[in-house]
Amino acid sequence: MTHFSLDDSSVFVVIGSGAGGGVLGNELAQKGHKVVCLEAGRRLEMSDIVNDEAAMFGKLTWLDRRMATGKPDPNFPVWGCKTVGGTTMHWTGACPRFEPHEMRARTTYGALPDTTLVDWPVTPEEIAPWYDKAEVRLGVTGRQGMPFLPPGNNFKVLEAGARKCGYTDIDTHNMAINSIERDDRPSCHQLGFCTSGCAVGAKWSTLYTEIPKAEETGRFELRPECMVTGIELGPDGRVSGVTYLHQGKRVTQKARAVAVAGNVVETTRLLLNNSSDRHPQGLANSSGLVGRNYMRHFTIQVMGVMPGKVHFHRQTHLAGVVRDERGHRPERGFAGGFLISTVPFTPEILAKNMITGGWGRDLTEVLDKYDQLAGMLLTGEDPPQLSNRITLHPTERDGYGLPVPVIHYEDHPNTIAMKEYAWKAGRRIYEALGAENVIEMGDYIPATHNMGTARMGDDPRASVCSPFGRTHDVANLYIADGSLFPTAGGCNPTLTIVALALRQAQHIDREVAAGRL
């Protein structure tokens with residue numbers, strides 16, 4: 001097992017082991033660089049993973065204290081993970097690419113009031129080959145020669161209703177879940193409830209793909225249960241090391257460069273909590289934008305009680321998609337678009353959230369027909385707003401003694417208009433098949449797609465990071481997660497995080513070769 005000295009200042013330190021950190025760390029190791037990966041959570045074995053949401057919740061979920069104002073649940077505003085693999089353990093595996101119009105949001109949508117819409121500093125043409133590499137890396141179905149997953153009943157219902165409504169762009173989705181045996185992992189067993197972690201390892205997660213491959217190089221050291229508290233700067237203003245807590249002890253690892261990939265909330269907290277005379281507003285925050293422009297897709301649901309049995313839980317969670325509403329068609333009354341996907345829920349989740357305030361016969365009549373339920377998830381674009389932001393509570397501290405992050409979020413009117421349209425579109429699909437009952441579920445799920453608090457851009461006054469994710473203020477400090485996104489698009493973010501991490505690794509490798517890093 002590789003072990004680097006704490007005084008080794010030639011190592012790259014990657015903070016976080018999820019989609020961004022796990023991929024970046026492995027890619028740097030494959031290119032010959034020494035990497036120390038610090039992960040706050042513990043490392044699970046495959047035998048720890050069971051197909052049981054309740055059993056896995058405590059093993060995967062980031063449960064340290066967080067607070068919220070505005071719309072989110074003040075006690076559980078964000079659904080992140082604290083485990084090796086990060087949110088690649090909890091994610092559904094859905095891998096759509098950003099559409100070109102979503103990367104040119106300001107140009108396409110115009111000046112949407114009360115937003116900070118911009119075009120990405122990376123063009124669709126520039127990112128296209130990195131999407132190709134990411135899809136090969138993850139084994140995305142329906143892309144790069146990988147066959148689609150087989151259709152389950154929930155998908156068959158969605159497809160039949162959607163075609164009756166005139167939709168045509170429908171399939172079992174581009175999923176980072178093996179449809180055939182690949183990469184020494186089996187094909188999907190259709191166990192359902194993929195957000196519990198995948199008990200057979202068919203779903204791509206850095207826990208059992210990127211991390212072991214990085215370790216095989218002999219140039220990668222994973223340090224789990226290490227909570228980073230500080231990023232140290234040398235007299236030259238460059239990062240010199242990282243300080244973390246492990247088993248109650250404070251430890252400092254010297255570093256050549258650092259990449260922060262803590263998912264948006266923790267990345268933001270780490271930057272803001274590292275203020276100094278040189279960086280009085282927090283690290284890399286001369287623009288004042290760290291923590292601002294926080295984005296989260298809306299994720300609303302529609303449940304249909306169908307005339308026959310569906311058993312919607314017996315298939316890959318999100319293996320079914322209708323893409324026809326993804327485009328930008330302002331005649332619908334909003335900018336941007338949304339995806340319609342399959343989704344199942346447990347009876348427990350439905351009992352808690354399906355009918356807000358529901359009680360008695362209205363609720364039990366639906367739950368009694370659990371085996372007849374079909375379910376869909378509607379995921380839509382969220383425009384950036386300066387007022388949606390993550391800050392640090394001035395007095396409240398968590399178990400590490402760190403300031404508690406406070407997430408403030410409110411829907412933009414464009415989001416509200418899109419949601420109203422999406423609910424009606426979803427309802428039509430099930431009604432077209434003669435559904436006995438259709439229930440529009442609220443936007444109750446804590447944010448799982450978190451983006452935008454350290455946005456990329458060319459102008460240091462209007463962005464936090466360069467187009468390669470290097471902070472404008474500190475030459476050897478990088479960001480490698482969804483914090484980089486200038487806009488949110490109308491799709492799941494993980495594939496784009498991986499594509500950007502692969503691109504960033506090449507950039508870092510070239511900077512080292514050129515003697516600039």
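In this predicted model, ring pairs join F57, F76 and W79 into a cluster. The count of aromatic pairs comes to 11. One of the pairs is formed by W91 and W204, whose ring centres lie 5.9 Å apart. Their planes stand at 80°, so the pair is edge-to-face. W91 sits in the loop between β3 (67–70) and α3 (100–103). W204 sits in the loop between β4 (170–171) and α7 (210–216). The pair therefore ties together parts that are 113 residues apart in sequence. W91 is buried, with a relative accessible area of 9%. W204 is buried too, at 0%.

A further edge-to-face pair is made by F312 and Y370. The distance is 5.4 Å centre to centre, with 80° between the planes. F312 belongs to the loop between β11 (298–305) and β12 (321–322). Y370 belongs to the loop between α10 (361–367) and β14 (373–380). The two residues are 58 residues apart, and their pair links distant parts of the chain. F312 has a relative accessible area of 1% and is buried. Y370, at 15% relative accessibility, also counts as buried, because the limit for that class is under 20%.

Charged side chains also meet aromatic rings. K82 lies over the face of W62, at 5.1 Å from the ring centre. R332 lies over the face of Y421, and here the distance from the ring centre is 5.8 Å.

Cysteines were examined next. The structure holds zero disulfides. For C37, the closest cysteine sulfur is that of C226. The gap between these sulfurs is 9.8 Å, which is too far for a bond; a disulfide would need the pair within 2.5 Å. C81 is in no disulfide either. The cysteine sulfur nearest to C81 is that of C194, 14 Å away. Both C37 and C81 are buried: C37 has 0% relative accessibility, and C81 has a relative accessible area of 9%.

Two open sheets were analysed. One has three strands in the order β3-β16-β15, with mixed pairing. β3 and β15 (389–397) stand at its edges. Each has a single partner strand, so one side of each is left without a neighbour in the sheet. Neighbouring strands of this sheet are turned against each other by 30° on average, direction ignored. Between β15 and β16 (residues 403–409), the pairing is antiparallel and runs over five bridges. Within this region, R389 stands opposite H408 in β16.

A helix accompanies these strands. Helix α8 (residues 263–272) lies across β15 and β16. Its direction is at about 65° to β15. Nine of the 10 residues of α8 are buried, so the helix is largely enclosed by the rest of the structure. Among the buried residues of α8 are V264, V265, L270, L271 and L272. The buried set of α8 also includes E266, T267, T268 and R269.

The other open sheet has three strands in the order β6-β7-β8, and its pairing is antiparallel. Here β6 (227–233) and β8 (249–254) are the edge strands. Each has a single partner strand, so one side of each lacks a neighbour in the sheet. The average turn between neighbouring strands of this sheet is 25°, direction ignored. Strand β7 (residues 239–246) pairs with β8 in the antiparallel sense, over six bridges. L245 stands opposite R250 in β8.

A final site concerns E135, found in helix α5 (residues 124–138). At 1% relative accessibility, E135 counts as buried. Its neighbours within four places in sequence were left aside when contacts were listed. On that basis, E135 is in contact with R97, V140, R143, Q144 and L495.

Terms used
Residues are numbered from 1 along each chain as its sequence is written. This is a predicted model: local features need pLDDT of at least 70, side-chain atom pairs count only at pLDDT 80 or more; totals for chains, interfaces and linings use all residues. Side-chain values use heavy atoms; hydrogens and water are left out. Buried means under 20% relative accessible area, exposed over 50%, partly exposed in between (1.4 Å probe, protein chains only). Rings of Phe, Tyr and Trp (its six-membered ring) pair if their centres lie within 6.5 Å; planes under 30 degrees apart count as stacked, over 60 as edge-to-face and the rest as tilted. Helices (H or I, at least four residues) and strands (E, at least two) are DSSP runs, numbered from the N terminus. A charge sits over a ring if NZ of Lys or CZ of Arg is within 6 Å of the ring centre and within 35 degrees of the ring normal. Two strands pair if DSSP finds at least two bridges between them. Axes are lines fitted to C-alpha atoms, for helices over the stretch in contact, and angles run from 0 to 180 degrees between N-to-C directions. Contact means heavy atoms within 4.5 Å.
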